[in-house]
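Visitor: Could you walk me through the buried interior of this protein, one step at a time? I would like to know what is packed there and how far I can trust the picture.

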Amino acid sequence: MINFHAISGQVTPQTLRSVGRVSNQRVLILIAGGSTQNFIQERLIPTLGLTAQPTQPLQVIVGNGNELDCLRLCGNIAVHVQGNVFTMISMFFP
């Protein structure tokens with residue numbers, strides 16, 4: 001489950017905020033304690049030059065009880081943060 005504050009862009013004491021780069025584009029990265037998945041807004045796919053693949057629908061319940069349908073994912077995303085590179089798989093939400 002992802003913390004609603006993280007997915008909505010709000011920062012709480014349990015959320016770390018950092019600036020990083022994906023595909024040489026500056027991005028704001030929110031790291032929420034207790035979150036188990038990585039999510040990117042679907043509208044950023046072309047901006048970041050990512051290729052998303054269809055996947056089995058995954059319904060995610062966020063902290064406020066709302067449900068988001070994630071229908072695509074992208075693997076091997078290189079995220080550059082403070083001199084470190086992290087490779088991750090992310091789900092996309094509308």
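**A look inside**

Guide: Happy to! Of the 94 residues in this protein, 31% count as buried. Please keep in mind that this is a predicted model. Its outside amounts to about 6100 Å² of exposed surface, with carbon and sulfur atoms supplying 52% of that area.

To find your way around, start with the layout. There are 2 helices and 6 strands, and from the N terminus on they follow the order α-β-β-β-α-β-β-β. Among contacts with a separation of 6 or more, 42% join residues that are 24 or more positions apart.

Now to the part you asked about. The largest nonpolar core holds 13 residues, and the ones touching the most other members are Val22, Leu50, Ile77, Val79 and Phe92. Strand E2 (25-32), helix H2 and strand E5 are the elements that give two or more residues to this core. Of these, E5 gives the most, with 4 residues.

Leu50 is a good place to pause. Not counting residues up to four places away in sequence, Leu50 touches Val22, Ser23, Ile40, Ile45, Cys74, Ile77 and Phe92. Three of the names you have just met, Val22, Ile77 and Phe92, are in that list, and they are also among the residues that touch the most other core members.

There is a second, separate core as well. This one has 5 residues, including Val60, Cys70, Met91 and Phe93.

As a biochemist you may be wondering about the cysteines. Cys70 has a relative accessibility of 0% and Cys74 has a relative accessible area of 5%; buried means under 20%, so both qualify. A search of the whole structure nevertheless finds 0 disulfides.

Buried positions are not limited to nonpolar side chains. Ser18, found in strand E1 (residues 15-22), counts as buried because its relative accessibility is 15%. Leaving aside neighbours within four places in sequence, Ser18 is in contact with Val27, Leu28, Ile29, Val81 and Gln82.

For contrast, look at the charged pair. A search of the whole structure finds 1 salt bridge: Glu42 pairs with Arg72, and their closest N and O atoms are 2.9 Å apart. Glu42 sits in the loop between strand E3 (39-41) and helix H2 (45-48), while Arg72 belongs to strand E5 (residues 67-81), so this pair, 30 residues apart, links distant parts of the chain. Neither partner is buried: Glu42 is partly exposed, with a relative accessible area of 29%, and Arg72 is partly exposed at 29% too. E5 therefore carries one partner of this bridge, besides giving the most residues to the largest core.

Finally, how far can you trust all this? The mean pLDDT is 80, and 84% of the residues reach 70 or more. Confidence is highest in H2, at a mean of 90, and lowest in helix H1 (residues 4-8), at 51. Over residues 1-5 the pLDDT is below 50, although this stretch has 19 contacts in the model beyond near neighbours in sequence. Where pLDDT is low, predicted coordinates should not be read in detail. H2, on the other hand, has the highest confidence and is one of the elements giving two or more residues to the largest core.

Methods: Residues are numbered from 1 along each chain as its sequence is written. Side-chain values use heavy atoms; hydrogens and water are left out. Buried means under 20% relative accessible area, exposed over 50%, partly exposed in between (1.4 Å probe, protein chains only). Contact means heavy atoms within 4.5 Å. Accessible areas come from the Shrake-Rupley method with a 1.4 Å probe; for residues, only the protein chains shown count as cover. A salt bridge is a side-chain nitrogen of Lys or Arg within 4 Å of a carboxyl oxygen of Asp or Glu. A disulfide is a pair of cysteine sulfur atoms within 2.5 Å. pLDDT is the predictor's confidence in each residue, from 0 to 100. A nonpolar core is a set of buried Ala, Val, Leu, Ile, Met, Phe, Trp, Tyr and Cys residues joined through side-chain atoms within 4.5 Å.
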